[in-house]
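Open your viewer and get ready to make a few selections. We will go stop by stop.

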Amino acid sequence: MGSLEEIKIEEDFVMLRLQNDGNEVFRAEKQIHQGLIQFHFGIKGKAKFIFNQGNYGLDLNEEKALLLYNPQKELPLNLELAPNSWVISMIISIKKFHSLFSAEADYIPFLSEGNQDRKYYDESNISPSMAIVLSQLFHFNLNPSIKNLYYKGKGYELLSLYFNRSEDPDAEQCPFLIDEENVMKIRRAKEIIIANMAEPPGLQELADQVGLNLKRLKTGFKQIYGDTVYGFLFDYKMDYARKLLDSGSYNVNEVGLRIGYSTGSHFISAFKKKFATTPKKYLMSINPNT
């Protein structure tokens, strides 16, 4: 199921929490008026922004951030959120934003005098300290009465980290991700299991490879990616299998072998668990002549 939650941080400052834990693409639309700056953060999975009545698309990939601003025209939110994908967006007026940095306007590139009226686009990597804040926006256990206050604090923290060039993160508020180095190790663990999806290492072996103890690996991975190590890998493998089937270059048994299933029946069972249909029926649905 997909969802779009809108949280008002302050006047002219809104946060959007977009989450799709389903198996279908979730489409979200929101009118965004002229003169508003958009920050979009891909936490996991991928998303695509559609502009100009579908004539132009802009991808937002996992662990990437997009900044969009066009003073000449509106940039309405028209987002396609892929299955198992999370995005945090922040929408803030140029006036509100300028008031935050007015004493340091030259420090923010698009606020310099010569650039205030030109459109601006920037893609960058999500830093480890930003990743901690973003994961906290999806994993928090607080009384609902202080939810908006929590979001407000995290919204400003995220803006600060986005523009902090010489990063010195203080991540002590997150007990299992004490510092930037641990976040990098957990990202490395994700890369290892993806690269070895057919024969992934055991959890203890994985923890040893990245230099974390087992508990910190398991807890930190869940905080950043919203799932257990093998839960994440299962979803990744099934999505990869579907892409291989979509390509038309592999039969069902070949796809199963490529992602680590030695028998076709085990792959069929796993695929059905994920997509509620068998690989063969899926192939027939996308190509009735198969």
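**Starting at Phe39**

Select Phe39 and show what lies around it: beyond its neighbours within four places in sequence, Phe39 is in contact (heavy atoms within 4.5 Å) with Leu66, Leu67, Ile88, Ser89, Met90, Ile92, Phe97, Leu159, Tyr162 and Phe163. This is a predicted model, in which local features need pLDDT of at least 70 and side-chain atom pairs count only at pLDDT 80 or more, while totals for chains, interfaces and linings use all residues. Residues are numbered from 1 along each chain as its sequence is written, and side-chain values use heavy atoms, leaving out hydrogens and water.

Now add Phe41, Ile88 and Phe267: with Phe39, they touch the most other members of the largest nonpolar core, which has 62 residues. Such a core is a set of buried Ala, Val, Leu, Ile, Met, Phe, Trp, Tyr and Cys residues joined through side-chain atoms within 4.5 Å; buried means under 20% relative accessible area with a 1.4 Å probe, protein chains only. Helix H7 (residues 229–247) gives the most to this core, seven residues. A second, separate core of 19 residues includes Val14, Leu60, Val87 and Ile91.

Next, select strand S2, residues 13–20, where eight of eight residues are buried. Strands (E, at least two residues) and helices (H or I, at least four) are DSSP runs, numbered from the N terminus. Phe13, Met15, Arg17 and Gln19 point one way from S2, and Val14, Leu16, Leu18 and Asn20 the other.

Finally, show S9 (residues 85–93), which pairs with S2 in the antiparallel sense over eight bridges; pairing takes at least two DSSP bridges between two strands. Look there for Met90, the bridge partner of Met15.

Notes: Buried < 20%, exposed > 50% of the residue type's maximum accessible area, 1.4 Å probe, protein only.
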